[in-house]
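Q: I would like to learn how to read a few features of a protein model. Could you walk me through them, one at a time?
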Amino acid sequence: MAFRPMAFLRDHWQLIALTVAVFALWSTPLVLPLKLLVVFFHELSHGLAAILTGGSIESLSVNFQQGGEAWTRGGSRFLILTAGYLGSLLIGAGLLIAALRGRADRMVLSGLGVLMLVVMLLYVRDVTALLICGATGAALIAAGRFLSAQWCDLILRVIGLSSLIYVPYDIFDDTLRRASLRSDARMLAEEVGGTTMIWGALWLIISLVVIFWCMRRVLGRDSNIHFRR
């Protein structure tokens, strides 16, 4: 079937508008909470990889400079270090697909908030991270409880899109543009072999493939995306 630009714009204008808005506001304080949430996904992904490979989480941290730390014990170092960027990307893709394809927007948003609070209680030790996780988790739960399904759907879309935008940029910035940083790729190169830029380039390619797959799934020719009440 031939590509029809006008039909595509008509069916998917909301998602296109949200993407443009996130890009336009990317360097403003308005997007900072979204960036911090993606950093939380990044550190949580390290921790989940540790647990799934037989290790444990010692502590997780996020700060207002968009940095974070995950202290783990045991598990596969290769998978733990690889999971940060790619895991947070998959979480974002999953939230976007849930918003565009599912009907449980309020439940998903509230569940995300509960997850943040549980992680905070179990693994967060410093005041800044407690503030970020506590405030964000409470806000997500409140949104899922008091906002309409339409607004919850919008919030999930914005979170998912922010992750899809932030992760590849972060990979490029941390591992290719500033390869001297002590990033996940740098540590992986030291412990497994290769170079920071090789691992960064591989993760960047994988992230772009995931984004392409996600966009194909949510913007397929049979999808008719609309805000639900």
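Q: Let's start with one residue: where is the place of Leu181?
A: Leu181 sits in the loop between α6 and α7 (184-192). Helices here are DSSP runs of H or I with at least four residues, strands are E runs of at least two, and both are numbered from the N terminus. A word on the source: this is a predicted model, in which local features need pLDDT of at least 70, side-chain atom pairs count only at pLDDT 80 or more, and totals for chains, interfaces and linings use all residues. Residues are numbered from 1 along each chain as its sequence is written, and side-chain values use heavy atoms, leaving out hydrogens and water.

Q: Which residues does Leu181 touch, not counting those up to four places away in sequence?
A: Contact means heavy atoms within 4.5 Å. By that rule Leu181 touches Asp174 and Arg186.

Q: Is Leu181 buried or partly exposed?
A: Buried means under 20% relative accessible area, exposed over 50%, and partly exposed in between (1.4 Å probe, protein chains only). Leu181 has a relative accessible area of 31%, so it is partly exposed.

Q: Arg186 came up as a contact of Leu181. With which residue does Arg186 form a salt bridge?
A: Side chains of opposite charge can pair when their charged atoms come close. The cut-off is a side-chain nitrogen of Lys or Arg within 4 Å of a carboxyl oxygen of Asp or Glu. Arg186 pairs with Glu190, the closest N and O atoms being 3.5 Å apart. The two are 4 residues apart in helix α7, so about one helical turn separates them. Salt bridges that share partners also join Asp173, Asp174, Arg177 and Arg178 into one network.

Q: How many residues does the largest nonpolar core have?
A: Such a core is a set of buried Ala, Val, Leu, Ile, Met, Phe, Trp, Tyr and Cys residues joined through side-chain atoms within 4.5 Å. The largest one here has 61 residues, and Leu96 and Trp203 are among those with the most contacts inside it. Helix α6 (residues 149-177) gives the most to this core, with 12 residues.

Q: How many aromatic pairs does the structure hold?
A: Rings of Phe, Tyr and Trp (its six-membered ring) pair if their centres lie within 6.5 Å; planes under 30 degrees apart count as stacked, over 60 as edge-to-face, and the rest as tilted. The structure holds 3 aromatic pairs. One of them, Tyr85 with Trp203, is tilted, at 5.7 Å centre to centre and 45° between the planes. Tyr85 lies in helix α3 (residues 77-101) and Trp203 in helix α8 (residues 196-218), 118 residues apart.
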